[in-house]
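Colleague: I'd like to practise reading features off a model. Could you take me through a few of them?

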Amino acid sequence: MSKFYDALETRPHAEREAALLAALPRQIQHARTASPAFASILADIDPATITSRAALAGLPVTRKYELLQRQQEQRAQSAFGGFATHGFGPQMPRVFASPGTIYEPEGTRRDYWRMARAIHAAGFRTGELIHNCFSYHFVPAGSMMETGAHALGCTVFPGGTGQTEQQVQAMAELRPAGYIGTPSFLKLILEKAQAMGVALPSLTKALVSGEAFPPSLRDWLAQHGVAGYQCYATADLGLIAYETSAREGLVLDEGVIVEIVRPGTGDPVPEGEVGELVVTTLNTDYPLIRFGTGDLSAVLPGDCPTGRTNTRIKGWMGRADQTTKVRGMFVHPGQVAAITKRFPQVQRARLVVTGAMANDQMVLQVETTETAEGLALQLQDAVREVTKLRGEVQMVAPGSLPNDGKVIEDARSYE
């Protein structure tokens, strides 16, 4: 029995990159033709020219708040703000709602959300029963996992959320091979089983998502006989990356093109630097091009020790939206980027906000080898012009700023 879901996971880097970049202009053309939103967003783009990552990086990033805004503005014409390529009917069996409210379509394609790969990597195999404790109402998580499990050839018990005692009873009687859901709810179920004096010997593996999965919780599950693996997915994009038995980061899914950009911009960062995950999906029903997830991560060097050859990321490392209110005015990462783009001498920058309540102070820390006083004065002027606020400038050596993806650090004290 293969430890890989399919041959795509082990293909050479060059072959994968060539396939993705060959699909890219076709997807952009399709998005411009079939999606009214992208017909507008990409109106001036010639899809035939987008055949490299450098060309892709020149396209605008569409962020979640823009998707929500278009949905709200165009609700009378389309529930999806013009991003979906189909309307209600046989090509769209389900519609889901995520907080916002943002509506997401589900198409008819087998394993629509591409979750089978992550479920397989977590150890599940054809013919097994999976106890699925993701929600089946409003949000797509339950359906995302169920359709992936079905594609893998598994049977699913739709446990949903809540009712831990009944969850334990069903597990004891049906003897599922494993669990899918949030890690914290699995812990509650196992604790409830222990309190009830009910053994769950069949429950040996789990695929968890939807919240942080720290090593302490992973180890706690292992001590209770469950090997838990995590995946990273969103309601807009489906699967983005998944954990393997190597437990060294998350391997990217084969059906997405992932970039990591400096927060507030669409500019890719060097490998290893923390930035915002921007994803282009090859889903023709909902063709999101350069969709900003708002989540931070970084690329890990090298291949996965399991033999999978796709790029690995560190996993979820926080949120990219660092917009901060200073002296009653909002300052956002895009403004920091606008300041630094004026000065090629600046390699990286970080705006640090300090002070107690009602006494905010801003310092723009910049990595540069130039120490002339004139540069600092020019940067101060740029800070005031762009943010409409006064701020100091501090020159630091290249490589001095933390590699945590923060462009704005709120270090104020509210005690």
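Modeller: We'll go through a helix pair, a strand and its neighbours, a sheet, and one residue. Keep in mind that this is a predicted model, where local features need pLDDT of at least 70, side-chain atom pairs count only at pLDDT 80 or more, and totals for chains, interfaces and linings use all residues. Residues are numbered from 1 along each chain as its sequence is written, and side-chain values use heavy atoms, with hydrogens and water left out.

Colleague: At what angle do helix α7 and helix α8 pack?

Modeller: Two packed helices are described by the angle between their axes and the distance between the axes. Here α7 (residues 164–174) and α8 (residues 183–196) pack at about 75 degrees, with axes 9 Å apart. That makes α7 roughly perpendicular to α8 (65 to 115 degrees counts as roughly perpendicular). In the contact (heavy atoms within 4.5 Å), α7 supplies T164, E165, Q167, V168 and M171, while α8 brings F185, L188, I189, K192, A193 and M196. By class, that contact has seven nonpolar, two polar and two charged residues.

Colleague: Are the faces of strand β4 covered or open?

Modeller: In a regular strand the side chains alternate between the two faces of the sheet. In β4 (residues 129–132), both faces are covered: L129 and H131 on one side, I130 and N132 on the other, all buried (under 20% relative accessible area, with a 1.4 Å probe and protein chains only).

Colleague: Which strands does β4 pair with?

Modeller: Strands of a sheet pair through backbone hydrogen bonds, either parallel or antiparallel. β4 runs parallel to β5 (residues 155–158), joined by four bridges, and I130 has V156 as its bridge partner there. The chain gets from β4 to β5 through helix α6 (residues 141–152), in a right-handed β-α-β crossover. β4 also runs parallel to β6 (residues 178–181), with three bridges, and N132 stands opposite I180 in β6.

Colleague: Which strands stand at the edges of the open sheet β1-β13-β12-β11?

Modeller: This sheet has four strands in that order, with mixed pairing. The edges are β1 (62–63) and β11 (256–261), each with a single partner strand, so one side of each is left without a neighbour in the sheet. β11 pairs with β12 (residues 275–281) in the antiparallel sense over six bridges, and V261 has E276 as its bridge partner in β12.

Colleague: Last one: where is E385?

Modeller: E385 is in helix α11 (residues 373–387). Its C-alpha atom is separated by 9.0 Å from that of I339, 46 residues apart along the chain.

Conventions: Axes are lines fitted to C-alpha atoms, for helices over the stretch in contact, and angles run from 0 to 180 degrees between N-to-C directions. Helices (H or I, at least four residues) and strands (E, at least two) are DSSP runs, numbered from the N terminus. Angles under 35 degrees count as roughly parallel, over 145 as roughly antiparallel, 65 to 115 as roughly perpendicular and the rest as oblique. Ala, Val, Leu, Ile, Met, Phe, Trp, Tyr, Cys and Pro count as nonpolar, Asp, Glu, Lys and Arg as charged, and the others, Gly among them, as polar. Buried means under 20% relative accessible area, exposed over 50%, partly exposed in between (1.4 Å probe, protein chains only). Two strands pair if DSSP finds at least two bridges between them. A crossover is right-handed if, with the strands pointing away from the viewer, the path from the first strand over the helix to the second runs clockwise.
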